[in-house]
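Please open the model in your viewer and keep the sequence panel beside it, since this tour moves from one selection to the next.

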Amino acid sequence: MNPVFKKGSTSDTKNYRPISITCLCCRNMERIIKAQMMQYLRRHNLITKRQHGFLPKRSTCSNLIESLIDWMIYLRVRKVVNVVYIDFPKAFDSVSRGKRLGKLESYGINGKALVWIRAFLSGCTQTVTVHIGNSSSPPVKVLSCVPQGIVLGPTLFLLFINEIVECLDPIKVSPKLYADDIKLYTEFTTDQELNDLDLALSRFVQCDQAWQLPIAEKKCRPTVQQLSTSFKSAPVANYVHTYRLYTIPYHKSRLLFSKHI
């Protein structure tokens, strides 16, 4: 295992991301299985088009461009847009082992492929080697259900989080995902439409509890970004409304665009 520093204090071991280093034979086998899995998933349109992470021709740029296009369309017809952001702490490490394999089966990935993946991810141990003195730590059992650094890791995680957008149907809220980073936005012109984002956040809490994928309450920026062309163009632009994620309130910030947008 190669511990990669993420942020914070360098003396705190929790601030390092454990990157697994597997043998060449395993990585080649993973590449073969991943290629076949992605071909199968694309052929049957099983991965949501809202997902922009770890996919070909998808990136943070495509995520942002699609969002901006939607926002510009809403603003041109004098609607107001509210945007909130959701994140999951240590998402790869939080995936339930049994539910992860069950997810693969639900997508039709079974037989020898499922047996190989189950065997590959079971009973793994990690060892940290220090280059100074060439010493190694005792082997420790891997508790993470999707080890970071393996070839199949991102694909397995995308399948696990893939159906989270389905909990929003038929709410009038648009989700955009980049792996575990989620952006929710909705357009509105009446007070009644403000409830859509409230309901979406409530559904996310229910999914969080069902799939054991905790939401980073403190990490989620507690601010609703409100986009509008002018305060006169939308009668609810100055509304008094507080969204909540669990018990943490989201506070409103306002971005005012030109009337000529």
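## A salt-bridge network and a helix crossing

Begin by selecting Glu-66, which in this predicted model is partly exposed, with a relative accessible area of 29%. Showing its side chain together with that of Arg-58 brings up a salt bridge between the two, with a distance of 2.9 Å from N to O. Arg-58 is likewise partly exposed, at a relative accessible area of 25%, a value that lies between the 20% limit for buried and the 50% limit for exposed.

Next, keep Glu-66 displayed and add Lys-176, whose closest N atom is 4.0 Å from an O atom of Glu-66 in a second pairing that counts as a salt bridge. This pair links distant parts of the chain, because Lys-176 belongs to strand S8 (residues 174–178) while Glu-66 belongs to helix H2 (residues 60–76), 110 residues apart. Lys-176 itself is buried, since its relative accessible area of 3% falls under the 20% limit.

Now add Asp-70, which forms a salt bridge with Lys-176, the closest N and O atoms being 3.7 Å apart. Asp-70 lies in helix H2 and Lys-176 in strand S8, so this pair too ties together parts of the chain, here 106 residues apart in sequence.

With these four residues on screen, which network do they make? Arg-58, Glu-66, Asp-70 and Lys-176 are linked in a network of salt bridges, and the structure as a whole holds five salt bridges.

For the next stop, hide the side chains and select helix H1 (residues 24–43) and helix H5 (residues 111–121), whose axes come within 12 Å and cross at roughly 140°. The two helices are therefore oblique to each other, because an angle has to be over 145 degrees to count as roughly antiparallel. The crossing of H1 and H5 is left-handed.

Finally, bring back the side chains at this crossing: on the H1 side select Cys-26, Met-29, Glu-30, Ile-33 and Met-37, which meet Trp-116, Ile-117 and Phe-120 on the H5 side. How many of the residues in the contact of H1 with H5 are nonpolar, polar or charged? Seven are nonpolar, none is polar and one is charged.

Key. Residues are numbered from 1 along each chain as its sequence is written. This is a predicted model: local features need pLDDT of at least 70, side-chain atom pairs count only at pLDDT 80 or more; totals for chains, interfaces and linings use all residues. Side-chain values use heavy atoms; hydrogens and water are left out. Buried means under 20% relative accessible area, exposed over 50%, partly exposed in between (1.4 Å probe, protein chains only). Helices (H or I, at least four residues) and strands (E, at least two) are DSSP runs, numbered from the N terminus. Axes are lines fitted to C-alpha atoms, for helices over the stretch in contact, and angles run from 0 to 180 degrees between N-to-C directions. Angles under 35 degrees count as roughly parallel, over 145 as roughly antiparallel, 65 to 115 as roughly perpendicular and the rest as oblique. A crossing is left-handed if the near helix is turned anticlockwise from the far one by less than a right angle, and right-handed if clockwise. Contact means heavy atoms within 4.5 Å. Ala, Val, Leu, Ile, Met, Phe, Trp, Tyr, Cys and Pro count as nonpolar, Asp, Glu, Lys and Arg as charged, and the others, Gly among them, as polar.
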